[in-house]
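Dear colleague,

I am handing over the structure we spoke about, and below it you will find an account of what came out of going through it. Please read the text with the structure open beside you.

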Amino acid sequence: MDAIEVEGLKRRYAAESGAGGEGFEAVRGISFSVREGEIFALLGTNGAGKTSTVEVLEGLARPSGGTVRVLGFDPYGERAFVRARTGVMLQEGGFPSELTVGETATMWAGVTSEARPPGEALELVGLGGRGGVRVKQLSGGEKRRLDLALALIGRPEVLFLDEPTTGMDPEGRRDTAELVRALRAEGTTVLLTTHYLEEAEQLADRLAIMQAGRIVASGTPEQVVAERPSRITFRLPAGVRAERLPLSVPAAVDGRAVTVRTYELQQALTELLLWARESGITLEGLQAKSASLEEAFLEIAQAGNRLGRDDQQLMTGVGA
Ligand SMILES: Nc1ncnc2c1ncn2[C@@H]1O[C@H](COP(=O)(O)OP(=O)(O)OP(=O)(O)O)[C@@H](O)[C@H]1O
């Protein structure tokens, strides 16, 4: 059994009363699963539907279509079976700001079964020395650390992290990544959302990219990146015409700047270099690199935007 199973999930928000209309479908039938002990990242542009999805998995909202299972249970209808075994870090923690960090952790531990000692949870997130500080005096990044400590207090089997590192400095992000890896090593299943693509690329075993309520790419970071072409860039020397480039290499030329996008990086690069040597040409500023997750993401997002515009044109008849 997978730790998290999502099948055809839909989530629709009702229209504001008096506003008319049918409301808004933020999640439009998505399916994915997260294996036990796996780190899974849900990515997507603002408004793609990540939080709307995670809230259903956390049992905070009922799906308007499809099914979800967490540890084999329906997190909304069978909340009692799931709650104690999951940890949730929401985008906005919203804890009483007058309490100190230590009091907050102690209070939280008090309502959690088999809780970690509060000091241990604070230590895990690097807030060990900050127990006496009032929550309202914490920096944004420290608040996120506290939210994470509270999510960990019940030794969850499944951990939901909604943008856990937003507002953290690079050190905080690195520490959090290390902590998440350590939790995985203990067998914890982690589902996280993030806008830091490098973080997702390094941390996630598998990921899904959402766009306008749908999953548009998924797999291991390597698989998602491999679906995107690599890129070779260079400048032609003055006086060398682009027509002389080898035809087998698909090049886009802008003045002297040449960009080659290819799924066969080694082959294209070899042909180019052989051609340059035979022609006695220096390829200025030559660079060759595989796509990164960030590039893959941006390309998917741009394609989605174009699609969105086309949809709109179809609907309005503009450009028909
Ligand atoms: N309570 C609500 N009522 C109506 N629409 C909502 C509500 N909550 C969210 N939405 C809409 O649903 C869509 C998805 O929102 P969601 O918060 O799930 O996106 P997200 O991918 O988490 O975005 P972000 O990266 O900005 O956090 C957005 O268009 C948002 O405006």
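To begin with a single residue in this predicted model, Gly-8 counts as partly exposed because 13 other C-beta atoms lie within 10 Å, where 20 or more would make a residue buried and 12 or fewer exposed. Gly-8 belongs to strand β1, which runs over residues 4-13, and, once its neighbours within four places in sequence are left aside, Gly-8 is in contact with Gly-29, Ser-31, Gly-65 and Gly-66. Pro-63 stands 55 residues from Gly-8 in sequence, and the C-alpha atoms of Gly-8 and Pro-63 are 9.7 Å apart in space.

As for the chain as a whole, its secondary structure comes to 10 helices and 13 strands, and its C-alpha atoms fill a box of roughly 75 × 50 × 40 Å along the principal axes. Of the 320 residues, 35% count as buried; among contacts between residues at least 6 apart in sequence, 69% join residues at least 24 apart. The domain assignment gives domain 1 as residues 4-225 and domain 2 as residues 229-289, and the C-alpha centres of domain 1 and domain 2 lie 45 Å apart.

You may wish to look next at the ligand. The shell around the ligand is made up of Tyr-13, Phe-24, Ala-26, Gly-44, Asn-46, Gly-47, Ala-48, Gly-49, Lys-50, Thr-51 and Ser-52, and the elements that give two or more residues to this shell are β2 (24-34) and α1 (50-57). The most comes from α1, with 3 residues, while by type the shell divides into 4 nonpolar, 6 polar and 1 charged. Helix α1 is itself mostly covered, since 8 of its 8 residues are buried, and these are Lys-50, Thr-51, Ser-52, Thr-53, Val-54, Glu-55, Val-56 and Leu-57. After α1 comes Gly-59, with a positive phi near 85 degrees.

Turning to the interior, the largest nonpolar core holds 62 residues, and those with the most contacts inside it are Ala-41, Leu-43, Ala-149, Leu-191 and Leu-207. Helix α5 (residues 140-152) supplies the largest share of this core, 6 residues. A second, separate core has 7 residues, among them Leu-236, Val-258, Val-260 and Ala-268. Returning to Leu-191, its contacts beyond the neighbours within four places in sequence are Ile-4, Val-34, Phe-40, Leu-42, Val-54, Leu-57 and Phe-160.

Helix α9 (residues 265-279) has 15 residues and reaches 21 Å from its first C-alpha to its last, close to the 21 Å expected at 1.5 Å a residue. Gly-280, which follows α9, has a positive phi near 65 degrees.

Finally, two glutamates deserve a look at the backbone. Most residues other than glycine have a negative phi. Glu-114, however, has a positive phi of about 50 degrees, and Glu-163 likewise has a positive phi, near 50 degrees. Glu-114 is found in the loop between α3 (101-110) and α4 (118-124), whereas Glu-163 lies in the loop between β6 (158-162) and α6 (170-185). Glu-114 is exposed because it has 9 other C-beta atoms within 10 Å, while Glu-163, with 18 C-beta neighbours inside 10 Å, counts as partly exposed.

With best wishes

Technical notes:
Residues numbered from 1 in each chain as written. Predicted model: local features only at pLDDT ≥ 70, side-chain atom pairs only at ≥ 80, totals over all residues. Near = placed C-beta within 6 Å. Helix = DSSP H or I, 4+ residues; strand = E, 2+ residues; numbered from the N terminus. Nonpolar A, V, L, I, M, F, W, Y, C, P; charged D, E, K, R; others polar. Domains from an automatic or database assignment. Core = buried A, V, L, I, M, F, W, Y, C linked by C-beta atoms within 7 Å. Contact = placed C-beta atoms within 7 Å. Expected span 1.5 Å × (residues − 1).
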